[in-house]
Amino acid sequence: MTSHTQKAPQPFRSLSPAVMRASTVVFDSLAEFTRRKERQPDGYSYGITGTPTARQLEHRIAELEGGAHCVVTPSGQSALMTTVMSFVRGGDHLLVSAACYGALKTFAHNWLAHFNVEVELYSPAIGAEIEKCIKTNTRMICMESPGTVTMEMPDIPAIVEVAKRHGVMTMMDNTWGSPLAFRPLEHGVDFSIEAATKFFGGHSDLLVGCISMNDAGYYAAVRETQSILGQQTSPDDCFLVMRGLETLKVRFAAQSAATLQIARELEHHPEVSKVLFPALQSDPGYAIWKRDFSSSGCLFSLILAPAPEAAFNAFFDALQQFAIGASWGGVHSLAAYYPAPLQAERAFPLTDQPIVRLSIGLEDPAMLLADLNAGLDAFRRTRAVAT
Ligand SMILES: *Cc1c(COP(=O)(O)O)cnc(C)c1O
(Lines give C-alpha, C1' and ligand atoms only; values in the text may rest on other atoms or scores of the structure.)
Protein backbone atom coordinates (compact mmCIF):
# COMPACT_ATOMS: atom_id res chain seq x y z
CA MET A 1 0.00 0.00 0.00
CA THR A 2 1.26 3.47 -0.77
CA SER A 3 1.15 6.27 1.76
CA HIS A 4 -1.74 7.80 -0.21
CA THR A 5 -4.06 4.91 0.55
CA GLN A 6 -6.61 5.58 3.27
CA LYS A 7 -6.48 2.81 5.86
CA ALA A 8 -9.68 1.70 7.50
CA PRO A 9 -10.23 3.88 10.58
CA GLN A 10 -10.07 2.50 14.11
CA PRO A 11 -13.31 0.87 15.16
CA PHE A 12 -15.80 3.68 15.52
CA ARG A 13 -19.52 3.40 15.82
CA SER A 14 -22.04 6.11 15.07
CA LEU A 15 -25.79 6.16 14.61
CA SER A 16 -25.19 7.97 11.37
CA PRO A 17 -24.16 6.28 8.09
CA ALA A 18 -20.62 7.02 6.90
CA VAL A 19 -20.18 9.17 3.80
CA MET A 20 -17.56 7.39 1.72
CA ARG A 21 -16.23 9.33 -1.23
CA ALA A 22 -14.26 7.82 -4.11
CA SER A 23 -13.54 8.08 -7.79
CA THR A 24 -10.62 5.67 -7.43
CA VAL A 25 -11.05 2.39 -5.65
CA VAL A 26 -7.71 0.78 -4.78
CA PHE A 27 -6.81 -2.92 -4.99
CA ASP A 28 -4.52 -5.16 -2.95
CA SER A 29 -2.83 -6.75 -5.95
CA LEU A 30 -2.55 -6.67 -9.71
CA ALA A 31 -4.62 -9.86 -9.88
CA GLU A 32 -7.47 -8.17 -7.98
CA PHE A 33 -7.24 -5.12 -10.23
CA THR A 34 -7.31 -7.24 -13.40
CA ARG A 35 -10.42 -9.08 -12.23
CA ARG A 36 -12.24 -5.91 -11.04
CA LYS A 37 -15.15 -6.25 -13.50
CA GLU A 38 -16.10 -9.54 -11.82
CA ARG A 39 -17.12 -7.51 -8.78
CA GLN A 40 -20.21 -6.18 -10.59
CA PRO A 41 -23.09 -5.66 -10.10
CA ASP A 42 -22.72 -5.32 -6.30
CA GLY A 43 -19.03 -4.72 -5.61
CA TYR A 44 -16.75 -1.73 -5.91
CA SER A 45 -14.32 -1.22 -8.76
CA TYR A 46 -14.54 2.47 -9.61
CA GLY A 47 -16.61 5.36 -8.20
CA ILE A 48 -19.11 5.24 -11.06
CA THR A 49 -20.62 1.90 -9.95
CA GLY A 50 -21.18 3.17 -6.42
CA THR A 51 -19.69 3.47 -2.98
CA PRO A 52 -20.61 1.75 0.30
CA THR A 53 -22.77 4.82 1.08
CA ALA A 54 -24.78 4.30 -2.11
CA ARG A 55 -25.09 0.55 -1.40
CA GLN A 56 -26.37 1.24 2.09
CA LEU A 57 -29.07 3.53 0.69
CA GLU A 58 -29.92 0.95 -1.98
CA HIS A 59 -30.39 -1.73 0.69
CA ARG A 60 -32.68 0.50 2.72
CA ILE A 61 -34.82 1.38 -0.30
CA ALA A 62 -35.01 -2.25 -1.46
CA GLU A 63 -36.31 -3.16 1.98
CA LEU A 64 -38.96 -0.41 1.84
CA GLU A 65 -40.06 -1.56 -1.61
CA GLY A 66 -40.10 -5.23 -0.62
CA GLY A 67 -37.61 -5.89 -3.45
CA ALA A 68 -34.38 -7.83 -3.80
CA HIS A 69 -32.31 -5.11 -5.53
CA CYS A 70 -32.12 -1.37 -5.96
CA VAL A 71 -30.02 1.00 -8.05
CA VAL A 72 -29.83 4.68 -7.07
CA THR A 73 -29.43 7.30 -9.77
CA PRO A 74 -28.77 11.06 -9.73
CA SER A 75 -32.45 12.07 -10.14
CA GLY A 76 -35.96 10.68 -10.53
CA GLN A 77 -35.83 11.45 -14.23
CA SER A 78 -32.53 9.57 -14.57
CA ALA A 79 -34.15 6.56 -12.85
CA LEU A 80 -37.01 6.56 -15.38
CA MET A 81 -34.62 7.00 -18.33
CA THR A 82 -32.14 4.37 -17.07
CA THR A 83 -34.90 1.77 -16.73
CA VAL A 84 -36.07 2.32 -20.30
CA MET A 85 -32.52 2.54 -21.72
CA SER A 86 -31.57 -0.75 -20.06
CA PHE A 87 -34.04 -2.79 -22.11
CA VAL A 88 -35.66 -0.88 -24.98
CA ARG A 89 -33.86 -1.05 -28.34
CA GLY A 90 -34.44 0.17 -31.90
CA GLY A 91 -37.39 -1.65 -33.46
CA ASP A 92 -39.16 -2.06 -30.11
CA HIS A 93 -42.59 -0.64 -29.31
CA LEU A 94 -42.83 1.32 -26.04
CA LEU A 95 -46.15 2.11 -24.35
CA VAL A 96 -46.18 5.21 -22.14
CA SER A 97 -49.13 6.60 -20.17
CA ALA A 98 -50.16 10.04 -21.44
CA ALA A 99 -50.07 11.08 -17.76
CA CYS A 100 -46.51 9.88 -17.14
CA TYR A 101 -43.97 12.40 -15.84
CA GLY A 102 -43.50 14.99 -18.61
CA ALA A 103 -39.75 14.61 -19.04
CA LEU A 104 -40.13 10.84 -19.58
CA LYS A 105 -42.56 11.52 -22.44
CA THR A 106 -40.20 14.14 -23.89
CA PHE A 107 -37.30 11.65 -23.63
CA ALA A 108 -39.38 9.04 -25.46
CA HIS A 109 -40.51 11.42 -28.22
CA ASN A 110 -37.32 13.47 -28.70
CA TRP A 111 -34.66 10.77 -28.22
CA LEU A 112 -36.01 7.22 -28.39
CA ALA A 113 -38.20 7.91 -31.42
CA HIS A 114 -35.04 9.03 -33.28
CA PHE A 115 -33.43 5.68 -32.41
CA ASN A 116 -36.24 3.88 -34.18
CA VAL A 117 -38.24 3.08 -31.04
CA GLU A 118 -41.97 3.14 -31.74
CA VAL A 119 -43.39 5.31 -28.94
CA GLU A 120 -47.14 5.15 -28.24
CA LEU A 121 -49.06 7.02 -25.55
CA TYR A 122 -52.04 5.31 -23.93
CA SER A 123 -55.02 6.60 -21.97
CA PRO A 124 -54.03 7.20 -18.30
CA ALA A 125 -57.05 5.51 -16.65
CA ILE A 126 -56.60 2.30 -18.64
CA GLY A 127 -56.86 -1.25 -17.29
CA ALA A 128 -57.16 -4.58 -19.11
CA GLU A 129 -58.03 -2.70 -22.34
CA ILE A 130 -54.29 -2.05 -22.69
CA GLU A 131 -54.28 -5.41 -24.46
CA LYS A 132 -55.54 -3.62 -27.60
CA CYS A 133 -52.28 -1.59 -27.65
CA ILE A 134 -49.95 -4.60 -27.38
CA LYS A 135 -48.01 -5.48 -30.54
CA THR A 136 -45.60 -8.32 -31.27
CA ASN A 137 -42.67 -5.90 -30.72
CA THR A 138 -44.00 -4.28 -27.51
CA ARG A 139 -41.10 -4.36 -25.05
CA MET A 140 -42.18 -2.29 -22.06
CA ILE A 141 -45.15 -0.46 -20.52
CA CYS A 142 -44.38 2.71 -18.55
CA MET A 143 -47.01 3.38 -15.87
CA GLU A 144 -47.60 6.02 -13.25
CA SER A 145 -50.33 5.90 -10.63
CA PRO A 146 -51.97 8.27 -10.20
CA GLY A 147 -51.01 10.27 -13.29
CA THR A 148 -48.72 13.28 -12.93
CA VAL A 149 -50.77 16.47 -12.35
CA THR A 150 -54.08 15.06 -13.65
CA MET A 151 -54.26 12.15 -11.13
CA GLU A 152 -56.01 9.49 -13.24
CA MET A 153 -55.86 5.99 -11.69
CA PRO A 154 -54.80 3.14 -14.01
CA ASP A 155 -55.66 -0.41 -12.97
CA ILE A 156 -52.09 -1.60 -12.31
CA PRO A 157 -52.86 -5.29 -11.52
CA ALA A 158 -54.98 -5.55 -14.71
CA ILE A 159 -52.22 -4.03 -16.85
CA VAL A 160 -49.61 -6.31 -15.25
CA GLU A 161 -51.74 -9.37 -15.96
CA VAL A 162 -51.92 -8.47 -19.66
CA ALA A 163 -48.21 -7.60 -19.81
CA LYS A 164 -47.14 -10.92 -18.23
CA ARG A 165 -49.30 -12.89 -20.65
CA HIS A 166 -47.59 -11.15 -23.58
CA GLY A 167 -44.03 -11.20 -22.16
CA VAL A 168 -43.92 -7.41 -21.89
CA MET A 169 -41.91 -5.67 -19.14
CA THR A 170 -43.60 -3.16 -16.82
CA MET A 171 -42.22 -0.21 -14.89
CA MET A 172 -44.10 2.12 -12.60
CA ASP A 173 -43.31 5.60 -11.34
CA ASN A 174 -44.47 5.19 -7.73
CA THR A 175 -43.40 8.59 -6.44
CA TRP A 176 -46.91 9.84 -5.51
CA GLY A 177 -47.74 7.09 -3.04
CA SER A 178 -44.22 5.94 -2.15
CA PRO A 179 -43.83 2.33 -0.98
CA LEU A 180 -45.66 3.34 2.22
CA ALA A 181 -48.91 3.54 0.24
CA PHE A 182 -48.27 1.08 -2.61
CA ARG A 183 -45.60 -1.52 -3.38
CA PRO A 184 -45.49 -2.08 -7.15
CA LEU A 185 -43.22 -5.14 -6.95
CA GLU A 186 -45.78 -6.97 -4.80
CA HIS A 187 -48.32 -6.36 -7.58
CA GLY A 188 -46.04 -7.99 -10.17
CA VAL A 189 -44.56 -4.80 -11.66
CA ASP A 190 -40.97 -5.45 -12.80
CA PHE A 191 -39.50 -2.06 -11.79
CA SER A 192 -40.62 0.34 -9.08
CA ILE A 193 -39.25 3.83 -9.57
CA GLU A 194 -39.20 6.67 -7.09
CA ALA A 195 -38.05 10.25 -7.34
CA ALA A 196 -36.27 10.16 -3.95
CA THR A 197 -36.08 13.91 -4.52
CA LYS A 198 -39.65 14.08 -3.21
CA PHE A 199 -40.83 12.16 -0.13
CA PHE A 200 -37.64 10.19 0.63
CA GLY A 201 -35.40 13.27 0.80
CA GLY A 202 -38.30 15.27 2.16
CA HIS A 203 -36.62 18.67 2.45
CA SER A 204 -36.54 20.03 -1.15
CA ASP A 205 -32.73 20.15 -1.15
CA LEU A 206 -31.51 17.23 -3.29
CA LEU A 207 -32.12 15.25 -6.48
CA VAL A 208 -31.92 11.43 -6.33
CA GLY A 209 -33.84 8.61 -8.00
CA CYS A 210 -34.05 4.86 -7.48
CA ILE A 211 -35.04 1.74 -9.36
CA SER A 212 -36.09 -1.34 -7.35
CA MET A 213 -36.58 -4.83 -8.76
CA ASN A 214 -36.52 -8.53 -7.87
CA ASP A 215 -34.91 -10.16 -10.91
CA ALA A 216 -31.11 -10.55 -10.58
CA GLY A 217 -30.57 -10.44 -14.35
CA TYR A 218 -32.53 -7.20 -14.62
CA TYR A 219 -30.48 -5.83 -11.73
CA ALA A 220 -27.18 -6.55 -13.50
CA ALA A 221 -28.48 -4.88 -16.68
CA VAL A 222 -29.70 -1.77 -14.85
CA ARG A 223 -26.42 -1.47 -12.91
CA GLU A 224 -24.50 -1.62 -16.16
CA THR A 225 -26.69 1.05 -17.79
CA GLN A 226 -26.34 3.27 -14.74
CA SER A 227 -22.54 3.13 -14.98
CA ILE A 228 -22.17 3.19 -18.78
CA LEU A 229 -24.42 6.27 -19.02
CA GLY A 230 -22.13 7.86 -16.42
CA GLN A 231 -24.75 8.28 -13.74
CA GLN A 232 -23.03 8.41 -10.38
CA THR A 233 -24.98 9.57 -7.35
CA SER A 234 -23.06 11.68 -4.87
CA PRO A 235 -22.49 9.91 -1.53
CA ASP A 236 -23.42 13.18 0.19
CA ASP A 237 -26.84 13.08 -1.48
CA CYS A 238 -27.18 9.38 -0.58
CA PHE A 239 -26.48 10.34 3.01
CA LEU A 240 -29.16 13.04 2.92
CA VAL A 241 -31.73 10.59 1.53
CA MET A 242 -30.89 8.14 4.34
CA ARG A 243 -31.38 10.93 6.85
CA GLY A 244 -34.74 11.72 5.20
CA LEU A 245 -35.79 8.06 5.36
CA GLU A 246 -35.38 8.12 9.16
CA THR A 247 -38.44 10.39 9.39
CA LEU A 248 -40.32 9.25 6.28
CA LYS A 249 -43.06 7.38 8.11
CA VAL A 250 -44.01 10.23 10.45
CA ARG A 251 -43.75 12.88 7.75
CA PHE A 252 -45.80 10.76 5.40
CA ALA A 253 -48.51 10.09 7.99
CA ALA A 254 -48.78 13.75 9.05
CA GLN A 255 -48.70 15.14 5.51
CA SER A 256 -51.20 12.55 4.22
CA ALA A 257 -53.68 13.32 7.01
CA ALA A 258 -53.40 17.08 6.48
CA THR A 259 -53.75 16.67 2.71
CA LEU A 260 -56.92 14.63 2.98
CA GLN A 261 -58.42 17.18 5.37
CA ILE A 262 -57.58 20.11 3.07
CA ALA A 263 -58.75 18.33 -0.10
CA ARG A 264 -62.08 17.49 1.55
CA GLU A 265 -62.61 21.12 2.55
CA LEU A 266 -61.71 22.48 -0.89
CA GLU A 267 -64.12 20.10 -2.57
CA HIS A 268 -67.00 22.23 -1.22
CA HIS A 269 -65.52 25.62 -2.08
CA PRO A 270 -67.64 27.49 -4.67
CA GLU A 271 -64.53 28.60 -6.64
CA VAL A 272 -63.34 24.99 -7.01
CA SER A 273 -64.84 23.09 -9.96
CA LYS A 274 -63.03 19.84 -9.23
CA VAL A 275 -60.49 18.38 -6.82
CA LEU A 276 -58.34 15.76 -8.53
CA PHE A 277 -57.41 13.37 -5.72
CA PRO A 278 -58.19 9.63 -5.83
CA ALA A 279 -58.61 9.46 -2.03
CA LEU A 280 -61.85 11.46 -2.35
CA GLN A 281 -65.00 9.40 -2.83
CA SER A 282 -66.10 11.77 -5.61
CA ASP A 283 -62.97 10.98 -7.65
CA PRO A 284 -63.37 8.57 -10.61
CA GLY A 285 -60.24 6.73 -9.44
CA TYR A 286 -61.49 6.22 -5.87
CA ALA A 287 -62.49 2.53 -6.19
CA ILE A 288 -59.09 1.52 -7.59
CA TRP A 289 -57.23 3.67 -5.06
CA LYS A 290 -59.25 2.14 -2.20
CA ARG A 291 -58.61 -1.39 -3.46
CA ASP A 292 -54.85 -1.06 -4.02
CA PHE A 293 -53.44 1.80 -1.92
CA SER A 294 -53.17 2.11 1.85
CA SER A 295 -52.64 5.88 1.95
CA SER A 296 -52.72 8.94 -0.28
CA GLY A 297 -49.69 11.16 0.20
CA CYS A 298 -49.42 14.92 0.08
CA LEU A 299 -50.09 15.90 -3.54
CA PHE A 300 -53.34 16.80 -5.30
CA SER A 301 -54.65 19.09 -8.01
CA LEU A 302 -57.48 21.58 -8.45
CA ILE A 303 -59.50 22.77 -11.39
CA LEU A 304 -60.89 26.17 -10.45
CA ALA A 305 -63.89 27.96 -11.92
CA PRO A 306 -63.23 29.16 -15.49
CA ALA A 307 -61.39 32.49 -15.15
CA PRO A 308 -58.86 34.68 -16.95
CA GLU A 309 -55.15 34.40 -16.17
CA ALA A 310 -55.40 37.53 -13.95
CA ALA A 311 -57.52 35.59 -11.44
CA PHE A 312 -54.83 32.89 -11.18
CA ASN A 313 -52.20 35.60 -10.66
CA ALA A 314 -54.35 37.00 -7.84
CA PHE A 315 -54.66 33.52 -6.28
CA PHE A 316 -50.92 32.87 -6.30
CA ASP A 317 -50.09 36.44 -5.19
CA ALA A 318 -52.39 36.10 -2.17
CA LEU A 319 -50.75 32.90 -0.88
CA GLN A 320 -48.50 33.53 2.13
CA GLN A 321 -47.82 29.98 3.33
CA PHE A 322 -47.44 28.20 -0.02
CA ALA A 323 -44.26 28.88 -1.98
CA ILE A 324 -44.62 28.88 -5.76
CA GLY A 325 -42.45 26.20 -7.30
CA ALA A 326 -42.11 22.85 -9.03
CA SER A 327 -41.39 19.60 -7.20
CA TRP A 328 -43.17 18.44 -4.05
CA GLY A 329 -43.01 16.03 -1.11
CA GLY A 330 -40.98 18.31 1.17
CA VAL A 331 -41.87 19.71 4.58
CA HIS A 332 -42.81 23.11 3.07
CA SER A 333 -46.07 23.50 1.17
CA LEU A 334 -45.85 24.36 -2.51
CA ALA A 335 -48.24 25.50 -5.23
CA ALA A 336 -47.67 25.05 -8.96
CA TYR A 337 -49.61 26.07 -12.08
CA TYR A 338 -50.17 24.17 -15.35
CA PRO A 339 -51.67 26.46 -18.01
CA ALA A 340 -54.77 25.61 -20.04
CA PRO A 341 -53.03 25.09 -23.44
CA LEU A 342 -50.71 22.50 -21.87
CA GLN A 343 -53.73 20.54 -20.64
CA ALA A 344 -55.78 20.83 -23.83
CA GLU A 345 -52.91 19.71 -26.08
CA ARG A 346 -52.01 16.61 -24.09
CA ALA A 347 -52.85 13.21 -25.61
CA PHE A 348 -56.06 11.99 -23.88
CA PRO A 349 -56.69 15.41 -22.24
CA LEU A 350 -58.57 15.46 -18.93
CA THR A 351 -59.50 19.14 -19.15
CA ASP A 352 -58.99 22.27 -21.24
CA GLN A 353 -58.75 24.36 -18.06
CA PRO A 354 -55.60 25.33 -16.11
CA ILE A 355 -54.63 23.06 -13.21
CA VAL A 356 -53.32 24.18 -9.84
CA ARG A 357 -51.28 21.55 -7.98
CA LEU A 358 -50.70 21.67 -4.23
CA SER A 359 -48.10 19.84 -2.16
CA ILE A 360 -48.97 19.88 1.52
CA GLY A 361 -46.08 20.16 3.96
CA LEU A 362 -45.81 19.96 7.73
CA GLU A 363 -47.26 23.39 8.53
CA ASP A 364 -50.46 23.65 10.59
CA PRO A 365 -53.28 22.44 8.28
CA ALA A 366 -55.73 25.08 9.61
CA MET A 367 -53.25 27.79 8.67
CA LEU A 368 -52.78 26.29 5.19
CA LEU A 369 -56.53 26.13 4.69
CA ALA A 370 -56.94 29.77 5.75
CA ASP A 371 -54.20 30.66 3.26
CA LEU A 372 -55.95 28.80 0.43
CA ASN A 373 -59.28 30.41 1.33
CA ALA A 374 -57.64 33.84 1.16
CA GLY A 375 -56.18 32.90 -2.23
CA LEU A 376 -59.57 31.71 -3.51
CA ASP A 377 -61.15 34.96 -2.23
CA ALA A 378 -58.67 36.97 -4.29
CA PHE A 379 -59.39 34.64 -7.23
CA ARG A 380 -63.16 35.24 -6.90
CA ARG A 381 -62.81 39.03 -6.67
CA THR A 382 -60.57 39.24 -9.75
CA ARG A 383 -62.81 36.83 -11.69
CA ALA A 384 -65.91 38.89 -10.80
CA VAL A 385 -64.30 42.10 -12.11
CA ALA A 386 -63.10 40.41 -15.31
CA THR A 387 -66.32 38.60 -16.23
C1 LIG B 1 -40.41 14.91 -9.67
C2 LIG B 1 -40.86 13.70 -10.32
C3 LIG B 1 -40.00 12.97 -11.13
C4 LIG B 1 -38.60 13.43 -11.44
O5 LIG B 1 -37.77 13.48 -10.33
P6 LIG B 1 -36.47 14.42 -10.35
O7 LIG B 1 -35.65 13.92 -9.23
O8 LIG B 1 -36.96 15.83 -10.15
O9 LIG B 1 -35.81 14.24 -11.67
C10 LIG B 1 -40.47 11.80 -11.68
N11 LIG B 1 -41.73 11.37 -11.46
C12 LIG B 1 -42.58 12.04 -10.68
C13 LIG B 1 -43.94 11.51 -10.46
C14 LIG B 1 -42.19 13.23 -10.08
O15 LIG B 1 -43.06 13.92 -9.34
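Let us begin with the ligand site: 14 residues surround the ligand, a residue being counted if one of its heavy atoms lies within 4 Å, and Gly76, Asp173, Thr197, Lys198 and Trp328 come nearest. Please note that this is a predicted model, in which local features need pLDDT of at least 70 and side-chain atom pairs count only at pLDDT 80 or more, while totals for chains, interfaces and linings use all residues. Residues are numbered from 1 along each chain as its sequence is written, and side-chain values use heavy atoms, with hydrogens and water left out.

By class, the shell comprises 5 nonpolar, 6 polar and 3 charged residues, with Gly counted as polar and Asp, Glu, Lys and Arg as charged. Helix 3 (residues 76–87) supplies the largest share of this shell, 3 residues; helices are DSSP runs of H or I with at least four residues, and strands are runs of E with at least two.

I turn to the ligand's oxygen atoms. One lies 2.7 Å from a polar backbone atom of glycine 76, and an oxygen is 2.9 Å from a polar backbone atom of glutamine 77. For lysine 198, a side-chain N or O atom is 2.7 Å from a ligand oxygen. The protein covers 90% of the 380 Å² of accessible area that the ligand has on its own, by the Shrake-Rupley method with a 1.4 Å probe.

Finally, helix 13. Its buried residues (under 20% relative accessible area, 1.4 Å probe, protein chains only) include Leu368, Leu372 and Phe379. The buried residues of helix 13 pack against helix 9 (248–266) and strand 8 (272–276), among others, contact meaning heavy atoms within 4.5 Å.

Definitions and conventions: A polar contact is a pair of N or O atoms within 3.5 Å; within protein, one must be able to donate a hydrogen and the other to accept it, and residues adjacent in sequence count only if both atoms are side-chain atoms. Buried means under 20% relative accessible area, exposed over 50%, partly exposed in between (1.4 Å probe, protein chains only).
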